[in-house]
Amino acid sequence: MLDQDILSQVKTIFASLETDITFLFSGDALMDKTKEMLEFITEVASCSPHLKVEMADGIGGIPQFCIYKGGTPTGITFRCIPGGHEFTSLLLAVLNADGKGKNLPDEATARRIRSLKGEIELTVFVSLECTNCPDAVQALNVMALCNPNLTVTTVDGSLDPQEAERRHVQSVPTVFSGEEIVHVGKSSLGELLGELEDRFGSEPEEGGATEIKADLLIVGGGPAGTAAAIYSARKGLDVAVVAGAIGGQVRETSGIENLISSGDTTGMELAGDLRGNLEKNNVKIYDQRVVEDVILTQKDKEIKTKGGEVFKARQVIIATGAGWRRMNVPGEAEYIGRGVAFCAHCDGPFFAGKDVAVVGGGNSGIEAAIDLSGICRKVTVFEFLDTLKADPVLVEKAEAIPNIEILTSCAVQKVFGDGAKVTGLEVRDRKTEVDSVYDVAGVFVQIGLTPNSAVFASQVEVTQRGEIVVDDCCRTKTEGVYAAGDVTTVPYKQIVVAIGEGAKAALSAFADRMRY
């Protein structure tokens with residue numbers, strides 16, 4: 001199944017293995033995929049003398065394999081043939097089990113994982129074509145390695161379609177605990193860990209609280225936060241970045257073609273470059289963190305994170321970016337992952353041959369409609385304004401596609417469903433005030449971004465939309481506190497703008513520091 005070039009690369013990757021790793025395989029011998037999966041994992045095992053495949057006794061069903069380390073289960077199971085984007089997830093699972101992976105958490109995060117309460121059995125449904133799924137799979141696998149009471153099974157919905165249909169899976173990745181959805185969509189380890197802490201509770205280990213001091217704290221690890229950190233570090237300051245994930249919202253961008261001097265790149269590649277730049281400049285990185293509380297109005301600022309860490313500095317730059325905006329109408333939250341989606345690329349295939357709606361007529365909405373038109377029977381775009389906000393070239397392309405209908409002056413009122421999945425959408429014509437119901441199987445929400453400012457809102461001035469108010473030099477009205485990028489009032493939410501604003505915030509903070 002794997003060509004010789006790939007096998008040679010895998011042999012090189014596994015050359016450093018020191019621990020014996022076993023793939024315990026099981027599956028119905030009469031299923032076509034059983035032989036294919038066994039062949040696949042046997043080829044992977046041939047890449048190192050420390051890897052082997054064993055057959056589980058008397059176990060049939062959907063084919064799967066569990067990873068054992070030195071005869072002890074790691075809690076990681078793949079009910080899929082982890083090719084495509086999940087091939088890296090398999091390689092990392094093996095390397096991490098041997099303690100040699102590159103995405104293992106720091107001790108503070110590992111301590112939080114170990115502190116999760118109870119026996120936790122998670123199942124994550126993925127598509128091998130999904131670029132967002134590996135982040136969730138790899139994060140959950142890391143948690144299983146850190147906490148012996150937590151197990152993770154990765155399931156390819158196309159390999160086990162009956163189970164996916166029974167659970168009404170219509171978005172990937174979708175993480176279940178038993179029959180309940182824990183998470184839907186792209187996420188980082190820190191975000192997933194926070195959700196598990198909220199759901200299952202935590203019993204912090206003794207001595208877990210840690211106080212970390214720096215000259216300057218930067219909250220957020222996207223383009224703005226990275227630029228601010230690098231400019232500050234080059235001024236000789238001790239800089240700490242506290243973030244959910246380095247790269248931020250950039251990680252969700254598939255293609256980037258307008259970043260000056262870089263040429264074509266992807267969001268994940270850019271995120272990797274940002275981390276490399278931070279490390280090169282000796283910036284202290286505290287990622288996978290969730291900020292729980294802040295104290296910014298006193299001279300010594302404090303940033304408190306889940307797990308008990310307290311970060312202190314005289315100056316703080318807020319660069320937390322923005323997240324997908326929701327419609328906030330009845331039925332939306334209830335049907336996220338069951339028909340309400342935010343990524344046409346990942347979730348579009350679940351609606352093949354069906355009618356769907358796209359809410360939002362900006363570039364992202366029209367691009368989503370164009371992508372979905374090749375999969376779905378009909379795509380209806382609903383735009384709140386009287387005209388579309390998308391670039392004319394995109395609008396012209398969409399209007400030329402026969403199965404795309406574009407409706408303006410529309411306000412979504414409600415998402416309907418049958419308790420298991422979306423069945424329709426109620427939309428009000430803003431000119432006639434008439435409500436209509438559209439029968440759709442899916443609703444793709446593409447209405448822009450919401451600033452990630454909630455935790456700071458009581459400490460700095462924000463607009464009604466939640467944007468942090470800054471002056472021309474990125475200063476807020478709270479002394480010693482600055483903000484940059486998409487979380488602020490600065491117009492044009494673009495990567496290159498965020499980078500410039502981050503640099504400006506750093507220079508302003510340094511200039512003010514000279515006055516202290």
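**Notebook: salt bridges and a three-stranded sheet**

I began with Glu107 and Arg114, whose side chains meet in a salt bridge with 2.6 Å from N to O. I note at the outset that this is a predicted model. I then looked up how accessible the two partners are, and found Glu107 partly exposed with a relative accessible area of 45%, while Arg114 also counts as partly exposed, at 34% relative accessibility.

Next I turned to Arg199 and Glu180, whose side chains form a salt bridge at 2.8 Å, again taken from N to O. This pair links distant parts of the chain, since Arg199 lies in helix α7 (residues 189-200) and Glu180 in strand β8 (residues 180-184), with the two positions 19 residues apart in numbering. For Arg199 I noted a relative accessibility of 37%, and Arg199 therefore counts as partly exposed, given that this class runs between 20% and 50%.

My third pair was Lys477 and Glu461, which form a salt bridge in which the closest N and O atoms are 3.2 Å apart. Both residues sit in the loop between β26 (449-451) and β27 (481-483), yet they are 16 residues apart and the pair is counted as linking distant parts of the chain. I asked myself whether Lys477 is buried or exposed. With a relative accessible area of 70%, Lys477 is exposed, because the limit for that class is over 50%. Glu461, by contrast, counts as partly exposed at 34% relative accessibility.

I also recorded a network, in which salt bridges that share partners join Glu163, Arg166, Arg167 and Glu179. For the structure as a whole I wrote down 33 salt bridges.

I then moved to a sheet, and found that 3 strands form it as an open sheet in the order β22-β23-β24, with antiparallel pairing. Which strands stand at its edges? They are β22 (410-417) and β24 (435-439), each of which has a single partner strand, so that one side of each is left without a neighbour in the sheet. Neighbouring strands of this sheet are turned against each other by 25° on average, with direction ignored.

Finally I followed the pairing of β22 with strand β23 (residues 422-429), which is antiparallel and runs over 7 bridges. Within that pairing I located Gly417, which stands opposite Val422 in β23.

Conventions
Residues are numbered from 1 along each chain as its sequence is written. This is a predicted model: local features need pLDDT of at least 70, side-chain atom pairs count only at pLDDT 80 or more; totals for chains, interfaces and linings use all residues. Side-chain values use heavy atoms; hydrogens and water are left out. A salt bridge is a side-chain nitrogen of Lys or Arg within 4 Å of a carboxyl oxygen of Asp or Glu. Buried means under 20% relative accessible area, exposed over 50%, partly exposed in between (1.4 Å probe, protein chains only). Helices (H or I, at least four residues) and strands (E, at least two) are DSSP runs, numbered from the N terminus. Two strands pair if DSSP finds at least two bridges between them. Axes are lines fitted to C-alpha atoms, for helices over the stretch in contact, and angles run from 0 to 180 degrees between N-to-C directions.
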